[in-house]
Amino acid sequence: MGNNKALGAASKAKQDEFYTQLSDIENELKHYKEHFKGKVVFCNCDDPYESNFFKYFAMNFNHLELKKLICTCYATSPIMYKQLTLFGEEEELCEEITRKKPYKIEITEVKDLNGDGAVDLQDIELLLKSVDGKPELLKGDGDFRSDECVELLKQADVVVTNPPFSLFREYVAQLIEYDKKFLIIGNQNAITYKEIFPLLKDNKLWIGYKSGDMAFTVPDSYTARETRFWIDENGQKWRSMGNICWYTNLDIQKRHENLILYRNYNPEEYPTYDNYNAIEVGKVSEIPENYDGVMGVPITFMSKHNPEQFKIVGLVAGNIRGLAGIESKTGKDGPYINGKLKYGRIFIQRR
Ligand SMILES: C[S@@+](CC[C@H](N)C(=O)[O-])C[C@H]1O[C@@H](n2cnc3c(N)ncnc32)[C@H](O)[C@@H]1O
């Protein structure tokens, strides 16, 4: 790799180092318990020594009645960031882990190893040190697309993680290709990706419970920013984002709940677009309950969507062509009203 290219790749990879909080995982996963009984769970972007996804599934292995937990992590350069460790500096593998080798962990049983009457973090620590739970070096670099990780993916029933933001399209494409169930964290912007939107439209993928603000720990090497960045009392750097959500194809109660609508249609409040035969609805809460035609709604509608209530007709978001499902009358893309381009919109219609 040329120097510039290598630097570009390194800075892209650095932007991917956001670590999910245990509380965010717990708050989402509590809605999905029924999907895990007897299942093989794969976290394929997760260093067991730092990932709260590993920690969550290891600690809840018995509660969820899992069959197996597999975790793999990606080899990254040690100069990119300083490793965070789950169990402190004494950990015997620490030196190796600081070099961030690609590891695999497979767990089929979690026992109360310290005999204190409950399974807790100390038992997981003991398990990782024992023969049954010892991390194994992967042959390659742990890339989720590598042959050995794809072999593990084939064994898996459900994939749960926060994958690298920069590879989100490829990551989802691979899950779909191998027909896997999944629950993953992503940016709401991905709703409008031309690779992702058709999956949402065709009910192959939907938005989970939590949408909006989420805070992540970031490595020491993370460059400070003016907004949505802080360092806590332990010196840990944090970054938050306001447009994060969960993407899943596991059936959840939320997607069967109707949006309660209370507004009536009138042409003054709901103008028709210049270039589409559809009305503009500026807020999800203002969707009229008595309009049968096509309506343009904010993209955040997707987190409230119940496919029994509405049909997704298309997406018009400025530079995205060909996803509208209805023809533009003027040939212009994006929703225009009186010659002015409005925000990107999802087109929906009542069932
Ligand atoms: C957004 S972070 C989340 C980490 C962890 N899953 C969590 O939620 O705390 C994405 C992780 O994917 C890793 N990663 C980057 N490229 C990868 C690849 N090609 N294959 C597997 N993992 C990758 C990064 O090193 C990073 O740790």
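1. Let me start with I348. In this predicted model, leaving aside residues up to four places away in sequence, I348 touches M295, V297, F301, F310, K311, I312 and V313. I348 is also one of the residues with the most contacts inside the largest nonpolar core.

2. That core is worth a look as a whole. It has 79 residues, and V41, F57, L69 and V160 are listed beside I348 among those with the most contacts inside it. Domain 1 (3–254) and domain 2 (257–351) both contribute residues, so the core lies between them.

3. Next, the strands around residue 311. Strand β16 covers residues 345–350 and pairs with β13 in the antiparallel sense, over six bridges. Within this pairing, K311 stands opposite Q349; K311 is also among the residues that I348 touches.

4. Both strands belong to an open sheet of four, with the order β11-β12-β16-β13 and mixed pairing. At the edges stand β11 (279–280) and β13 (310–316); each has a single partner strand, so one side of each is left without a neighbour in the sheet.

5. Turning to strand β4 (residues 103–107), you can follow its two faces along the sequence. Y103, I105 and I107 make up the covered face, while K104 and E106 are on the uncovered one.

6. What does β4 pair with? Strand β3 (residues 68–72) runs antiparallel to β4 and is joined to it by four bridges. Strand β5 (residues 136–137) also pairs with β4 in the antiparallel sense, over two bridges. K104 is a handy marker for both pairings: T72 stands opposite K104, and K104 in turn stands opposite E136 in β5.

7. Now the ligand. There are 21 residues around it, and T20, C45, Y74, N162 and P164 come nearest. By class, this shell has 10 nonpolar, seven polar and four charged residues. Among the elements, β1 (19–20) and α3 (52–59) each supply at least two residues of the shell. F57, named above for its contacts in the core, falls within the range given for α3, so please do inspect that helix with both the core and the ligand in view.

8. A last point on Y19, which lies in strand β1. Is Y19 buried or partly exposed? It has 19 C-beta neighbours inside 10 Å, and a residue needs 20 or more to be buried, so Y19 counts as partly exposed. Y19 also offers a long-range pair to check: Y19 and R239 are 220 residues apart in sequence, yet their C-alpha atoms are 9.5 Å apart in space.

Terms used: Residues are numbered from 1 along each chain as its sequence is written. This is a predicted model: local features need pLDDT of at least 70, side-chain atom pairs count only at pLDDT 80 or more; totals for chains, interfaces and linings use all residues. A residue is near a molecule or strand if its C-beta atom, placed from the backbone, lies within 6 Å of it. Ala, Val, Leu, Ile, Met, Phe, Trp, Tyr, Cys and Pro count as nonpolar, Asp, Glu, Lys and Arg as charged, and the others, Gly among them, as polar. A nonpolar core is a set of buried Ala, Val, Leu, Ile, Met, Phe, Trp, Tyr and Cys residues joined through C-beta atoms within 7 Å. A residue is buried if 20 or more other C-beta atoms lie within 10 Å of its own, exposed if 12 or fewer, and partly exposed in between; C-beta atoms are placed from the backbone. Domain bounds come from an automatic or database domain assignment. Two residues are in contact if their C-beta atoms, placed from the backbone, lie within 7 Å. Two strands pair if DSSP finds at least two bridges between them.
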